[in-house]
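Good morning, everyone, and thank you for making the time. I would like to walk you slowly through one structure, so please have the sequence and the view open as we go.

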Amino acid sequence: MTHINPYYSRLKTSYLFYRINQTVDALRRDHPQERLLLLGVGDVTLPLAPAVIAALHRAAEDQAKQESFQGYMPELGKDFMKQAVADYYARRGTKLDPAEIFISYGAGDDLGVIGGLFAQENRVAVIEPAYPAYVDTNLMAGRTIVSVPGGEDNGFLPLPPEDLEAELVYLCSPNNPTGAAYTRAQLQQWVDWANARDAVILFDAAYEAFITDPAVPRSIYELPGAERCAIEIASLSKTAGFTGTRLGWTAVPQALIREETSLHDMWVRNRTTCSNGVSYLLQRAGEAALSPEGLAQSGKNLQVYRANAKILTDALEVLGLPYTGGKNAPYVWFRCPKGMQGWDFFDFLIDRARIVGTPGVGFGPCGEGWFRFSCFGTPADTREAAHRLREIL
Ligand code: MLT
């Protein structure tokens with residue numbers, strides 16, 4: 001008899017965003033005439049930059065000609081793409097060797113498999129409320145989760161507690177879902193904590209492009225000592241609108257050694273075994289997205305999403321609801337009105353205003369009573385949502 005992975009029984013039936021997408025599908029089916037305002041899943045709505053589209057066309061032409069046709073890609077990424085990522089960091093003064101960069105189909109894919117580098121007995125700290133994949137992927141692997149609670153008292157930016165017993169910690173800054181972002185001094189405390197204990201930080205940098213505050217680091221490698229304790233997982237999904245196009249990277253520094261073993265070499269072994277590389281077309285698109293021209297073009301989209309954040313936070317101010325995020329981050333995180341619980345407010349917003357958001361409790365128990373809006377909607381939908389919100393509250 002085949003024995004299945006027993007740890008799946010530790011999971012909730014549905015993954016958070018799958019449940020929300022299913023709700024949206026049902027609403028569309030049941031109310032086809034109504035205007036739904038989608039501020040739930042953080043999916044971008046503006047098109048790719050012209051530089052990216054031109055690169056995709058050129059790459060398609062390359063594949064059409066014998067002399068430029070490309071077969072399998074190198075498992076770790078094409079040199080031009082790794083160099084484009086290294087240059088992206090270097091322009092901000094952060095040095096990464098292209099050999100330390102592994103091109104991926106996006107942060108989600110690598111977040112799902114990076115745990116394979118670590119033994120099952122490691123205890124995994126997550127800052128709650130947390131992006132649910134950090135918890136679910138480790139539950140599936142049979143690891144123990146240690147919650148580090150974030151709340152209003154610490155601005156949703158907890159620092160390492162004195163008594164924290166963990167060997168791995170997930171950090172996401174700017175944070176999904178709260179939008180809160182660690183300053184350099186705060187993040188340094190986590191780096192020092194990890195180095196003092198030989199722990200490893202898995203740093204999710206998916207939202208770094210939204211940072212405007214110079215006190216907030218855009219990469220963990222801006223901090224001294226991070227190259228000895230941190231893996232950074234990054235993506236073009238939000239930076240350049242690649243949610244449906246897919247491209248990201250993971251940085252594993254050569255200096256990251258545990259039990260006299262190079263984690264970089266282990267990740268090479270993992271990727272060369274489990275991946276046939278990322279498609280040539282997407283790597284050319286990624287190279288274009290990270291060019292100064294591509295970044296300037298997608299930067300205009302980021303300005304639109306920032307303006308959406310302002311529309312939403314202005315509405316919350318008028319309503320007197322406490323919130324975080326919206327600055328340095330594309331999520332607005334706010335207290336549910338009238339003491340409502342997250343899923344009740346979720347239903348209330350759908351019933352009364354056809355607005356779909358995300359209940360904070362979906363990100364763990366610390367998120368109960370809070371709610372998240374994505375700022376990636378269209379400006380028209382975001383304005384309409386702010387208007388309906390004021391009407392019903
Ligand atoms: C979110 O809504 O948190 C994101 O869209 C999820 C993701 O990026 O995978």
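Let me begin with where the ligand is placed: domain 1 (6-48 + 299-392) and domain 2 (50-293) both give residues to the shell around the ligand, and therefore the ligand lies between these two domains. Please keep in mind that what you are looking at is a predicted model.

Stepping back to the protein as a whole, we can see it divided into domain 1, which is made up of 6-48 + 299-392, and domain 2, which covers 50-293. The centres of domain 1 and domain 2, taken over C-alpha atoms, are separated by 25 Å, and in the contact between them 33 residues come from domain 1 while 44 residues come from domain 2.

Now, which residues are around the ligand? They are F17, V41, G42, Y131, N176, Y207, K238, Y331 and R372, and when we sort this shell by character, we find 5 nonpolar, 2 polar and 2 charged residues.

Some of these residues deserve a closer look, beginning with G42, where a polar backbone atom is 2.6 Å from an oxygen atom of the ligand. With Y131, by contrast, we turn to the side chain, since a polar atom there lies 2.5 Å from a ligand oxygen, and N176 likewise has a polar side-chain atom 2.8 Å from an oxygen atom of the ligand.

How much of the ligand does the protein bury? Taken alone, the ligand exposes 270 Å², and the protein buries 78% of that. To finish the picture, the ligand sits in the largest pocket.

Technical notes
Residues numbered from 1 in each chain as written. Predicted model: local features only at pLDDT ≥ 70, side-chain atom pairs only at ≥ 80, totals over all residues. Heavy atoms only, no water. Near = heavy atom within 4 Å. Polar contact = N/O pair within 3.5 Å; in protein donor to acceptor, adjacent residues only side chain to side chain. Areas by Shrake-Rupley, 256 points an atom, 1.4 Å probe, with all protein chains shown as cover. 1 Å grid on protein atoms, 1.4 Å probe; cavity = no way out; pocket = protein on both sides within 12 Å on 5 of 7 lines; lining within 4 Å. Sits in = over half its atoms within 2 Å of the grid points. Nonpolar A, V, L, I, M, F, W, Y, C, P; charged D, E, K, R; others polar. Domains from an automatic or database assignment. Contact = heavy atoms within 4.5 Å.
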